[in-house]
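Visitor: I would like a close look at a single part of this model, namely its second largest pocket and the charged side chains around it. Please take the lining residues and their pairing in one connected account.

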Amino acid sequence: MITDKIKKEFKTHDEHMQEVLQDMEYQKMYLNVSIQDFINEGNYELFFASLEKVVKARYSISEFSRKTGITRKALYEIFKGERIPRFDTIGKLLKELGYTLEVA
């Protein structure tokens, strides 16, 4: 069937993102764009969804939770936009990923 052939030949957006987010430079660019959107437009949901994708490209949520000392439940609430983390928590998340936050 043609639909099955198309599905085999083309990736979904999520599959594509999983693949490109294996590249550390792409991860950095991806987070920078979402941080700028967060700063300029207040779109924190996009930033935290982007952060979740980068975290999942590197770790399981359980492993990231252990490394950061932030519970899995709190991480999922942050990633879903159900909880807005304090600034120090954002810093902790970014630091564990190897990033810093600076004013440019």
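Guide: What follows describes the second largest pocket and then turns to the salt bridges. This is a predicted model, in which local features need pLDDT of at least 70 and side-chain atom pairs count only at pLDDT 80 or more, while totals for chains, interfaces and linings use all residues. Residues are numbered from 1 along each chain as its sequence is written, and side-chain values use heavy atoms, with hydrogens and water left out.

A pocket here is an open set of points on a 1 Å grid over the protein atoms alone, where a 1.4 Å probe fits and protein lies on both sides within 12 Å along at least five of seven lines, and its lining residues have an atom within 4 Å of a point. The second largest pocket holds about 170 Å³ of space, a volume being the space filled by probe spheres set on the points, which are joined across faces, edges and corners. Its lining consists of Asp 14, Met 17, Gln 18, Leu 21, Gln 22, Glu 52, Lys 53, Lys 56 and Ala 57. Two or more of the lining residues come from each of helix H2 (13-20) and helix H4 (44-58), where helices are DSSP runs (H or I, at least four residues) numbered from the N terminus. H4 gives the most, with 4 residues. By class, the lining has 3 nonpolar, 2 polar and 4 charged residues; Ala, Val, Leu, Ile, Met, Phe, Trp, Tyr, Cys and Pro count as nonpolar, Asp, Glu, Lys and Arg as charged, and the others, Gly among them, as polar.

Two residues named in this lining, Glu 52 and Lys 56, also form a salt bridge, with the closest N and O atoms 3.0 Å apart; the term means a side-chain nitrogen of Lys or Arg within 4 Å of a carboxyl oxygen of Asp or Glu. Both partners lie in helix H4, 4 residues apart, about one turn of the helix. Glu 52 is buried, at 17% relative accessible area, whereas Lys 56 is partly exposed, at 45%; buried means under 20%, exposed over 50% and partly exposed in between, with a 1.4 Å probe and protein chains only.

By this rule the model has 5 salt bridges. Among them, Lys 11 pairs with Glu 19 at 2.2 Å between the closest N and O atoms, and Glu 19 is partly exposed, at 45% relative accessibility.
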